[in-house]
Amino acid sequence: MQAGQGIVWGDEMKLGLRGQVRQVWAPRGVAVSQAVQIGWKYLYAAVAIDPMTGQLWWAWQANMKGAEMARIWGTWAREPAIDGWVWDGARGHTGEDMQAVDAPQVVQPPYAPELNPVERFFRELRRAIEGRVYPTLQAKQDALEPILEAWQADPKRVRQLCGWDWIREALEALPANTQVA
């Protein structure tokens, strides 16, 4: 990878009917109760973010298997703005199907989500949709789509959230294209 290339960070967020209890503000002494949903249906939101430009790509993914991931990431690899990506070493990311996708990949250390700015983005998504009960997985997906579209339409906001200084400095410090004629 070289300076000036479109290098994105990516990951997937599990979206399911197993709800999460969220912290909420309440007056002192008032007991807070939240409905909790328990279901076993899941869908994944695949997300790629360019922390330099704030550009964001997202797609729905049925599962975490390599073939499903390669379908999405293979399409994104053909985008002129994506020259390579960085992500964790999940089995689906490093499998045979994903290795066939023609784009450089950098695998971050295991158990280090704090190195991936997409995880910070996922916290914002969860803050927006969790703490409520949805009648179906489709209803939860429908609630998340406009939020994803709003973020996608606001690269400045994405860059502010995910364009961490150390990432920007590292990308700017990459060597320039030095092809010998």
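Select Phe121 first: in this predicted model its relative accessible area is 0%, so Phe121 is buried. Then add Trp151. At 5% relative accessibility, Trp151 also counts as buried, because the cut-off for that word is under 20%. Phe121 and Trp151 make an edge-to-face aromatic pair, with 5.2 Å from centre to centre and 90° between the planes. Phe121 belongs to helix 4 and Trp151 to helix 5, so the pair ties together parts that are 30 residues apart in sequence.

Keep Trp151 on screen and select Arg157. The charged end of Arg157 sits over the ring of Trp151, 3.7 Å from the ring centre. A second arrangement of this kind can be found at Lys14, whose charged end sits over the ring of Tyr42 at 4.1 Å from its centre.

Now show helix 6, residues 155-162. Which of its residues are buried? They are Val158, Leu161 and Cys162. Look down the axis of helix 6: the buried residues fall within an arc of 80°, so they line one face of the helix. An α-helix has 3.6 residues a turn, so residues three or four places apart point the same way. Turn to the face of helix 6 directed away from the buried side, and the exposed residues Lys156 and Gln160 come into view. To see what covers the buried residues of helix 6, display strand 2 (42-49), strand 3 (56-61), helix 4 (117-129), helix 5 (137-152) and helix 7 (165-173), which are among the covering elements.

Next, isolate strand 3. Six of its six residues are buried, so strand 3 is largely enclosed by the rest of the structure. In a regular strand the side chains alternate between the two faces of the sheet. Here both faces are covered: one side carries Leu56, Trp58 and Trp60, the other Trp57, Ala59 and Gln61, all of them buried.

Bring strand 2 back beside strand 3. The two pair in the antiparallel sense over six bridges, and Ala48 stands opposite Trp57 of strand 3. Strands 2 and 3 form a hairpin with six residues between them. Select Gly54 in the turn, where phi is positive at about 85°.

Colour the aromatic rings next. How many aromatic pairs are there? The count is eight. In one of them, Trp58 and Trp60 have ring centres 5.8 Å apart and planes at 80°, so the pair is edge-to-face. Another selection to make is Trp73, Trp76, Trp85 and Trp87, which form one aromatic cluster.

From that cluster, pick Trp87, which is found in strand 4 (residues 84-87). Is Trp87 buried or exposed? At 0% relative accessibility, Trp87 counts as buried. Setting aside neighbours within four places in sequence, the contacts of Trp87 include Gly10, Glu12, Met69, Trp73, His93, Met98 and Asn116. Then select Asp11: its C-alpha atom is 6.3 Å from that of Trp87, although the two residues are 76 apart along the chain.

Finally, zoom out to the whole protein. The secondary structure comes to seven helices and five strands, in the order β-β-β-α-β-α-α-β-α-α-α-α along the sequence. Of the 181 residues, 40% are buried. Among contacts with a separation of 6 or more, 66% join residues 24 or more positions apart. With the surface displayed, about 10400 Å² is exposed, and carbon and sulfur atoms supply 52% of it.

Technical notes: Residues numbered from 1 in each chain as written. Predicted model: local features only at pLDDT ≥ 70, side-chain atom pairs only at ≥ 80, totals over all residues. Heavy atoms only, no water. Buried < 20%, exposed > 50% of the residue type's maximum accessible area, 1.4 Å probe, protein only. Helix = DSSP H or I, 4+ residues; strand = E, 2+ residues; numbered from the N terminus. Arc of directions from axis to C-beta. Contact = heavy atoms within 4.5 Å. Areas by Shrake-Rupley, 256 points an atom, 1.4 Å probe, with all protein chains shown as cover. Phe/Tyr/Trp six-rings, centres within 6.5 Å; stacked < 30°, edge-to-face > 60°. Lys NZ or Arg CZ within 6 Å of the ring centre and 35° of its normal. Pairing = 2+ DSSP bridges.
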